[in-house]
Amino acid sequence: MTGRPSRRQLFGYAGAAAAGAAVTGGVVALGNDTPETVVVARDIDPYGDHQPAIAAASPKHAELVALTLLPSTDKAALGRLMRLWTNDIVALSAGRPAPGDTAPELAVPGVALTVTVGFGPKVFTLPDLVKPRGFSEVPVMSHDRLQPAWSGGDLLVLVGADDAVSVVHAVRRLVADAAPFAKPLWRQTGFWNGTGADGQPVTGRNLFNQVDGTGNPAPGTPEFDSTVWSTDGWTTLVVRRIKLNLDAWDELTRSEQERAVGRKLSNGAPTTGTAEHDELDLEKRDADGRLVIAENAHSRLSHHSVNDGRRIFRKGLNYVQDDGATRESGLIFLSYQADLVGQFLPLLARLDAADALNEWTTTIGSAVFAIPPGFRSGTWLGQSLLA
Amino acid sequence: MTAAFMSLTNPGKTDISLTSATSPVAGIMQLHEMAMKDGKMVMQEKAGGVKVPAGSHAHLAPSRDHVMLMGLKQALKPGDEVPITLRFSDGSSHDLTVPVKAFTEEEEHYQPSATPSTTP
Ligand code: HEM
Ligand SMILES: [Cu+2]
């Protein structure tokens, strides 16, 4: 018995085993006699060409956990972890407990639970593993004040749902099941509101009160696909923990705040336009001949028209970090792009050099992950890399 | 103790039962249920196997029905994968590969009622 944690024994578990005919996924049966009221199941299908959360609406609640591989975790072991997680993800996405769950009632359907898994740079140093094209670390920028506590990681699991309890429960299961292979390095919890008063999707706001996400390529368009997916179905994710200095920001006038980005706070419209999705007019000048969208305005510097067409797909999460009575506020900046080196790094360098927002923002954490394609029934996450 | 937990789905029109399981890693495998005996929860062999109703599921979970692996021929570590074959009352069988997880529930709940525990 020595050397073993007490009260811990081993058990095997199977995911979904079909008795009789084929396995069917979550079934919504609508009989002919169903009345008008139809429950809208908001479970997100875990299967697909790509991991589904990326193109889905931002979840209300999310948690990111970066893990470090244990020294014994080689390619084969990583494959075992991915098969195990794939099984867990299928169950949790449908609101079913992962087999062996000791708190099974905490798994509930209808909360749009998603799990996204990524591989950090270290994974691609394991024997036989080939790094996806355009994947690299992000160099330290001049404005960065990175803390090890929020940086790096060999694996990422990003869990999102419209209910915080479900997020916490899924993370607990996934992290517990990963214990033989990897241990947590950092965790970040965030929240986002992408739903308007009428229940319709809207572009959410960060804690600067800015409408954040307008310039994104829209999921479902060719532009989105070419921005996000590489030819083999992978993508890359940059996670930057950016502290926002709300006290200093609040001392600005509203028009100073709007000038820093070149967009209006009311609806996110360019300061040269009226509606959120109006195109920026980067040439427009005011009566005094000054550019309306300033040289150093965030939306100008990051706009694809002045970056050789480079685009990224951003998905922010707001965060607060409390220490007793003190609160730090910020943005967990998430950026997806097919080619991190070609698309993201030049944009970041440009913003680091000149962005007006730099005065009120400080990046304190940074990590990169290669995100494998999705899986289908009978296949598993990362299979093309690890099989 | 070592037990297997899983969700079984029966998309068919007739009830079906999980009647037995085998694995190269275990000398004996039994289908167990939990029962109250002398005021204590114990596990015992489940007569007739685990029923999976037509068009429904059976969930094998901690503190409920489970597949017991006894007489292990090798030590299992969390992170290993073991093959299991399930046999059903309709004569069908299914091969699975199941991952081994660390168990976080109190092991005392799984002391067999008849024989002393054979912890690996
Ligand atoms: C420091 C914290 C940041 C804040 C508060 C912030 C906020 C904003 C806001 C309010 C917009 C305008 C609305 C929109 O298009 O979404 C915007 C646009 C954008 N931001 Fe940021 N951002 C931050 C950091 C970054 C970083 C680090 C990058 C990339 C390296 C970036 C890249 C972009 C891009 C590409 C656009 C869209 C430009 C367009 O095509 O219209 N942002 N950001
Ligand atoms: Cu048992």
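**Figure 1. A:D128, an exposed loop residue with a positive phi.** In this predicted model, A:D128 counts as exposed, at 63% relative accessibility. The loop that holds A:D128 runs between strand 3 and strand 4 (155-161) of chain A. The backbone is worth a look too: phi of A:D128 is near 75 degrees, a positive value in a residue other than glycine. For context, most residues other than glycine have a negative phi.

**Figure 2. A:A112, a buried loop residue with a positive phi.** Is A:A112 buried or exposed? A:A112 is buried, because its relative accessible area is 12% and the cut-off for buried is under 20%. Along chain A, A:A112 sits in the loop between helix 1 (75-93) and strand 3 (114-119). Phi here is near 55 degrees, and A:A112 is again not a glycine.

**Figure 3. The shell around ligand 1.** Which residues come nearest to ligand 1? They are A:G213, A:T214, A:G215, A:H298 and A:R314, out of the 23 residues around the ligand. Sorted by class, this shell holds ten nonpolar, ten polar and three charged residues. If you are tracing where the shell comes from, start with helix 7 (residues 340-354) of chain A, which gives the most to it, with three residues.

**Figure 4. Oxygen atoms of ligand 1 and their polar partners.** Zooming in on ligand 1, we can follow three atom pairs. A polar backbone atom of A:G213 is 2.5 Å from an oxygen atom of the ligand. At A:T214, the backbone again supplies the partner: one of its N or O atoms lies 3.0 Å from an oxygen atom of ligand 1. With A:R314 the side chain takes part, and an N or O atom there is 2.8 Å from an oxygen atom of the ligand.

**Figure 5. Chain A in overview.** Stepping back from the ligand, chain A has eight helices and ten strands. Of its 387 residues, 51% are buried. The accessible surface of chain A comes to about 17,600 Å², and carbon and sulfur atoms account for 53% of that area. How much of the contact map joins residues 24 or more positions apart? Among contacts in chain A with a separation of 6 or more, the share is 76%.

**Figure 6. Chain B, built with strands and zero helices.** Chain B has nine strands and zero helices, so a reader following the sequence meets the pattern β-β-β-β-β-β-β-β-β. Buried residues make up 46% of its 120 residues. About 5,600 Å² of chain B is exposed, with 51% supplied by carbon and sulfur atoms. For contacts in chain B between residues at least 6 apart in sequence, 68% join residues at least 24 apart.

**Figure 7. Confidence along chain B and for the model.** Chain B averages a pLDDT of 83, and 86% of the residues score at least 70. Which elements of chain B have the lowest and the highest mean pLDDT? Strand 9 (residues 93-103) has the lowest, at 85, while strand 2 (residues 16-22) has the highest, at 95. Please take care with residues 111-120 of chain B, where pLDDT stays under 50. For that stretch, the model has 16 contacts beyond four places in sequence. The model as a whole scores ipTM 0.78 and pTM 0.88.

Key:
Residues numbered from 1 in each chain as written. Chains lettered and ligands numbered in written order. Predicted model: local features only at pLDDT ≥ 70, side-chain atom pairs only at ≥ 80, totals over all residues. Heavy atoms only, no water. Near = heavy atom within 4 Å. Polar contact = N/O pair within 3.5 Å; in protein donor to acceptor, adjacent residues only side chain to side chain. Helix = DSSP H or I, 4+ residues; strand = E, 2+ residues; numbered from the N terminus. Nonpolar A, V, L, I, M, F, W, Y, C, P; charged D, E, K, R; others polar. Buried < 20%, exposed > 50% of the residue type's maximum accessible area, 1.4 Å probe, protein only. Contact = heavy atoms within 4.5 Å. Areas by Shrake-Rupley, 256 points an atom, 1.4 Å probe, with all protein chains shown as cover. pLDDT = per-residue confidence, 0-100.
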